[in-house]
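Q: I'd like a close look at the interior of this protein, please. Take one part of it and follow it outward as far as it leads.

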Amino acid sequence: MALPTIVAAQTFSTKYFAASLCKSSFCFFQVRYSRYPKTYVEPIADPEVYKSGELPTDISTPVKAAPHNLTSSLTSDPLAIKFINVMMEDGKKEVCIRIMNKTYFEIKKIQYSKYLKADEESKSSIELNPSKIFNKAIENCKPLIGLTSIKRGGKSYQVPTPFKESRQRFLAMKWMVTECHTKELETHMPIKLAEELLKAYENTGNVVKRKQDLHKMAESNRAYAHFRWW
């Protein structure tokens with residue numbers, strides 16, 4: 001007996017499997033149930049919600065276990081966590097966390113010494129928060145456009161191609177770590193990283209120069225931009 005043709009997919013659920021009828025064909029796939037009942041709610045990590053006392057649930061409502069990367073710490077920074085993952089080698093995450101904490105300490109020490117030596121007018125322009133300095137430094141190192149090798153007519157062309165946000169962020173972090181590795185080994189990693197972040201915060205340094213050179217190369221190859229579609 002031929003199966004009826006159905007334009008819109010219709011799903012029939014059973015206890016363990018679900019069958020989908022779509023254009024005269026059966027598609028079986030296993031139904032994956034959550035380990036928590038439907039009465040359990042998602043965890044809330046925003047500390048402002050706890051301060052305001054406007055929690056959507058009461059104390060008797062069961063809550064799911066929080067993921068390992070979810071935290072309610074006031075000093076938690078998602079961008080710093082991504083940078084730690086980029087810097088990590090051989091799974092030594094604790095080492096990278098200690099390096100990041102020491103880097104923040106070095107940035108704070110350098111900026112505070114500038115703050116003490118500055119006059120009253122320029123003190124307001126000195127940023128003392130290491131987290132804000134780190135975020136601004138990574139933002140200044142993000143390349144907006146790069147080069148992609150595309151083959152046309154037996155010849156390869158370097159075609160300017162805009163980067164996605166995730167690719168921009170990854171390249172900025174990777175270039176920062178690579179620049180620190182090229183410096184002398186006598187200097188510890190937190191000191192090298194703090195110096196490079198402060199240079200990038202002021203829109204100077206080798207990482208920012210690398211981004212600008214990539215933009216210049218993309219500008220010089222703009223004649224091949226139509227190869228992205230043709």
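A: Let's settle one term before we go in: a residue is called buried when its relative accessible area is under 20%, exposed when that value is over 50%, and partly exposed in between. Please also keep in mind that this is a predicted model. Cys96 makes a good test of the term: its relative accessible area is 5%, so Cys96 counts as buried. Cys141 is buried as well, with a value of 0%. With sulfur atoms required to lie within 2.5 Å of each other, the count of disulfides is 0.

Now for the setting. The protein chain has 7 helices and 5 strands, and along the sequence they follow the pattern β-β-β-α-α-α-α-β-β-α-α-α. Of its 230 residues, 28% are buried. Among contacts between residues at least 6 apart in sequence, 52% join residues at least 24 apart.

The part I'd pick for the close look is helix H2, which spans residues 78-87. Its buried residues are Leu79, Ala80, Phe83, Ile84, Val86 and Met87. Looking down the axis of H2, you find these buried residues within an arc of 160°, so they line one face of the helix. And what lies over them? The cover includes four helices: H3 (93-117), H4 (130-141), H5 (165-181) and H6 (189-201).

From here we can step into the largest nonpolar core, a set of 32 residues. Two residues of H2, Phe83 and Met87, are among those with the most contacts inside this core, along with Met100, Phe134, Met176 and Leu193. Helices H2, H3, H4, H5, H6 and H7 (206-220) each supply at least two residues of the core. The largest share comes from H5, with 7 residues.

Phe83 deserves a longer stop. Leaving aside residues up to four places away in sequence, Phe83 touches Met100, Phe134, Ile138, Met173, Met176, Val177 and Leu193. One of these, Phe134, brings us to the aromatic rings. If rings are paired when their centres lie within 6.5 Å, the count is 7 aromatic pairs. Phe83 and Phe134 make one such pair, edge-to-face, with 5.3 Å from centre to centre and 75° between the planes. Phe83 belongs to helix H2 and Phe134 to helix H4, so this pair ties together parts that are 51 residues apart in sequence. Both partners are buried. Tyr104 joins Phe83 and Phe134 to form one aromatic cluster.

For a contrast, have a look at Tyr112 and Tyr115. Their rings are stacked, at 6.3 Å centre to centre and with 15° between the planes. Both tyrosines sit in helix H3, 3 residues apart, which is about one turn of the helix. Tyr112 is partly exposed, since its relative accessibility is 43%. Tyr115 is also partly exposed, at 26%. Tyr115 has a charge for company too: Lys123 lies over the face of its ring, 5.1 Å from the ring centre.

Not every buried residue is nonpolar, and Gln168 of helix H5 shows this nicely. With a relative accessibility of 9%, Gln168 counts as buried. Beyond residues up to four places away in sequence, Gln168 touches Lys142, Pro143, Leu144 and Phe163.

Finally, two loops between the helices are worth a look for their backbone. Asp90, in the loop between H2 and H3, has a positive phi of about 60° although Asp90 is not a glycine. Its relative accessible area of 75% is over the 50% limit, so Asp90 is exposed. Asn203 sits in the loop between H6 and H7. Here too phi is positive, about 65°, in a residue that is not a glycine. At 42% relative accessibility, Asn203 counts as partly exposed.

To retrace the path: the buried face of H2 has H3, H4, H5 and H6 among what covers its buried residues. From that helix, Phe83 and Met87 rank among the residues with the most contacts inside the largest nonpolar core, and Phe83 pairs edge-to-face with Phe134. If you have the model open, Phe83 is a friendly place to start, with Met100, Phe134 and Leu193 among the residues it touches.

Conventions: Residues numbered from 1 in each chain as written. Predicted model: local features only at pLDDT ≥ 70, side-chain atom pairs only at ≥ 80, totals over all residues. Heavy atoms only, no water. Buried < 20%, exposed > 50% of the residue type's maximum accessible area, 1.4 Å probe, protein only. Arc of directions from axis to C-beta. Contact = heavy atoms within 4.5 Å. Core = buried A, V, L, I, M, F, W, Y, C linked by side-chain atoms within 4.5 Å. Phe/Tyr/Trp six-rings, centres within 6.5 Å; stacked < 30°, edge-to-face > 60°. Lys NZ or Arg CZ within 6 Å of the ring centre and 35° of its normal.
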